[in-house]
Amino acid sequence: MAIKQLTETIINQIAAGEVIERPASVVKELVENAIDAGATHIDIVTAGGGKNLIRVSDNGSGIPFDELTLAVARHCTSKLTDNVHDIRALGFRGEALPSIGSVSRLSMKSRIAEADSGFEINVHGGRLEGPRPTPMNGGTIAEVRDLFFATPARLKFMKTDRAEASAISDVVKRVAIAFPHIRFSIAGSDRTPLDLAATGAGSAGMLERISQVLGKEFPENAIAIDAMRDGVRLSGFAGIPAFNRANSLQQFAYVNGRPVRDKQIWGAIRGAYADVISRDRHPVVVLFLNLDPALVDVNVHPAKADVRFRDPGLVRGLIVGAIREALGQSGIRAATSGAEAMLNSFRRGGIEPVRPAAAQRWQGAAAVNQNYNVQQSPYRPFETEPAASHNGGGFAETVQAFLYDGAAALAADTRAGMAEAPQELLSAPLGAARAQIHSNYIVSQTEDSLVIVDQHAAHERLVYEALKNALHSKPLPAQMLLIPEIVDLPEEDVGRLVAHAETLARFGLGIESFGPGAIAVRETPSMLGEIDTQKLIRDLADEIAEHDTSDGLKAILDHVAATMACHGSVRAGRRLKPDEMNALLRQMEETPGSGTCNHGRPTYIELKLTDIERLFGRR
Ligand code: ADP
Ligand code: MG
């Protein structure tokens, strides 16, 4: 076949293959154009998941009549000067409109403030029509019908209307986070409408927009970040570890306002949370990176979601450092969403309405009051002798006696040192331990709340922190086994474990090779108590194998420490004395990150007294 120049339409369709993957990509391009045009109000309407119709209307600058033809022509843009390294707008490639026009029926209507009328231009499958006058208010209306009608092969890859419609919402929400001063709305027969009102300026406005998108629990469970290094500014919000998700869809990153999906940024976020969230859970994070456009290349891929930093190490260090510092400062904060969920479960509980029944019971009591005597009641709650004058009285006197006895019993308890906690314990963040229930939950009381600690999870976290500490301070105490435990393992695993024997010894785990296919365990960490040594050794071998080649030594040791902590079970199901409980609470307060266990679950929940009062309808 002879060589010939491709037609303009084919060239545009090839470009569309890269830029326009699905309806959501069209929405992204059109919304970005509206933002670049300075719009403060952007309305989006879709039908059939965007395959039948996408309409994006804005109140931006508009396109002058004599530029409409250029706007839909390839490689025509108003956003780039001579320097491809100085990109300040979201668009710059001059590719979106001609690409969209080559694979759909595109209509652009636009009116600038100075003009008496608007103008419309159409591009249907690459064929140009217009421009001609059309009545409209200022701004631009971009309408795309029958997407991919001209490239049926691409149409076959579309998902259901519902999936495409929700991908469109995701794109809009993602970009909306970076532009809180713009009002966005999405509507259409294929969806429930969404209206994001414009919010105020500054970080308060930003946070308000984020909570419109992510839900109002996010601000309550996030810590603000603001850091600067070598001209790169990082701001945003880091979700606390307990507020985690099963996937990373709730991670938002922006470079100079542009939403990006960048592997380096994801990697840095994962690194920052590695210690506090298990590998199969994901934090919720919103990060804004702002830097000189010359220090970042956004022209890596036509869809512009990838970026390349001039100094990737700087950016990674900045993200990891800032998030860790923020999490560190937040100390032992637990997720309030846990308390919220708990409140809801109380409210939703299937308990019968108590009022009518209780009222009846009181009436019943009143009816028999002449004969009622607490002394003869089988339900006599206290053993104390009531004063003689209370004997055989009427109902009121009986109740009086009851209360009196209760107070006396309480006073007796106080003498035994149980009922009242010392003030200094009450004012500690985790309060004074009052009881242990179901052999695992410590119930404690602060000045204004009730705290429930999962003692197993808390202990696991404390062990993990102690193990990590043992790496650079004194080794952990070990417990000698009377008879060494022999663990049979594949030869490579034996090799890997023995290579780390010295470090494991610092953790209190004494191992040596026992022939080619076995390990002899002589000592185990005292802190872990009774453990399944066989299982521990196998888990450690797996952990080291998984991280040996990819990660550095520090990462391996972190994983080893986490695995060992998981095996420690000394406090699970163990009854604790009040002193022991209080000691655990104090240790938690002193240990950074102890608000979540190594798997990112909370180690304690807190229910404020005000919430308890709400539950009882007192507020
Ligand atoms: P790019 O955004 O990369 O410049 P596009 O093909 O998306 O390329 O748009 C081409 C040009 O059309 C833009 O540079 C801009 O001048 C104009 N334009 C497109 N959409 C709008 C809009 N909504 N409001 C004002 N101008 C627009
Ligand atoms: Mg554009």
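Q: Which element gives the largest share of the shell around ligand 1?
A: Helix 4 does, with 3 residues. Helices (H or I, at least four residues) and strands (E, at least two) are DSSP runs, numbered from the N terminus. The model is predicted: local features need pLDDT of at least 70, side-chain atom pairs need pLDDT 80 or more, and totals for chains, interfaces and linings use all residues. Residues are numbered from 1 along each chain as its sequence is written, chains are lettered from A and ligands numbered from 1 in the order in which they are written, and side-chain values use heavy atoms, without hydrogens and water.

Q: What makes a residue count as near ligand 1, and which residues come nearest?
A: A residue is near a molecule or strand if one of its heavy atoms lies within 4 Å of it. There are 20 residues around ligand 1, and N33, T77, S78, K79 and G94 come nearest.

Q: How do you know that T77, S78 and T140 make polar contacts with ligand 1?
A: The term asks for a pair of N or O atoms within 3.5 Å (within protein, one must be able to donate a hydrogen and the other to accept it, and residues adjacent in sequence count only if both atoms are side-chain atoms). An N or O atom in the side chain of T77 is 2.6 Å from an oxygen atom of the ligand. For S78, a polar side-chain atom is 2.5 Å from a ligand oxygen, and for T140 a polar side-chain atom is 3.3 Å from a ligand nitrogen. These distances are within 3.5 Å, so each pair is a polar contact.

Q: How much of the accessible area of ligand 1 does the protein cover?
A: The protein covers 93% of the 530 Å² that the ligand has on its own. Such areas come from the Shrake-Rupley method with a 1.4 Å probe; for residues, only the protein chains shown count as cover. Helix 2 (23-36) and helix 4 (96-103) are the elements that give two or more residues to the shell.

Q: What makes a shell residue nonpolar, polar or charged, and how many of each are there?
A: Ala, Val, Leu, Ile, Met, Phe, Trp, Tyr, Cys and Pro count as nonpolar, Asp, Glu, Lys and Arg as charged, and the others, Gly among them, as polar. On that division the shell has 9 nonpolar, 7 polar and 4 charged residues.

Q: How do you know that strand 4 and strand 5 pair?
A: Two strands pair if DSSP finds at least two bridges between them. Strand 4 (residues 118-124) and strand 5 (residues 127-134) have 6, in the antiparallel sense, so they meet the rule. V123 stands opposite L128 in strand 5. The hairpin has 2 residues between the strands, and G125 takes a positive phi near 55°.

Q: What makes the peptide bond from G130 to P131 stand out, and where does P131 lie?
A: The bond is cis, with omega near 5°. P131 lies in strand 5.

Q: Why are strand 9 and strand 12 called edge strands?
A: The open sheet has 5 strands in the order 9-10-13-11-12, with mixed pairing. Strand 9 (222-229) and strand 12 (258-260) each have a single partner strand, so one side of each is left without a neighbour in the sheet. The twist averages 20° from one strand to the next. Axes are lines fitted to C-alpha atoms, for helices over the stretch in contact, and angles run from 0 to 180 degrees between N-to-C directions.

Q: How do strand 11 and strand 13 run, and how many bridges join them?
A: They run parallel, and 5 bridges join strand 11 (residues 251-255) to strand 13 (residues 285-290). Y254 stands opposite F288 in strand 13. Helix 6 (residues 161-178) packs on this sheet, touching strand 11, strand 12 and strand 13 (contact means heavy atoms within 4.5 Å), at about 55° to strand 11.

Q: What is the strand order of the open sheet of 4 strands, and which are its edges?
A: The order is 16-17-18-22, with antiparallel pairing. Strand 16 (432-437) and strand 22 (604-608) pair on one side only and are the edges.

Q: How many bridges join strand 17 to strand 18, and which helices pack on the sheet?
A: Strand 17 (residues 441-445) and strand 18 (residues 449-454) run antiparallel and are joined by 5 bridges. Y441 stands opposite D454 in strand 18. Helix 15 (residues 455-472) touches strand 16, strand 17 and strand 18, with its direction at about 70° to that of strand 18. Helix 20 (residues 578-590) touches strand 16, strand 17, strand 18 and strand 22, and makes about 115° with strand 16.
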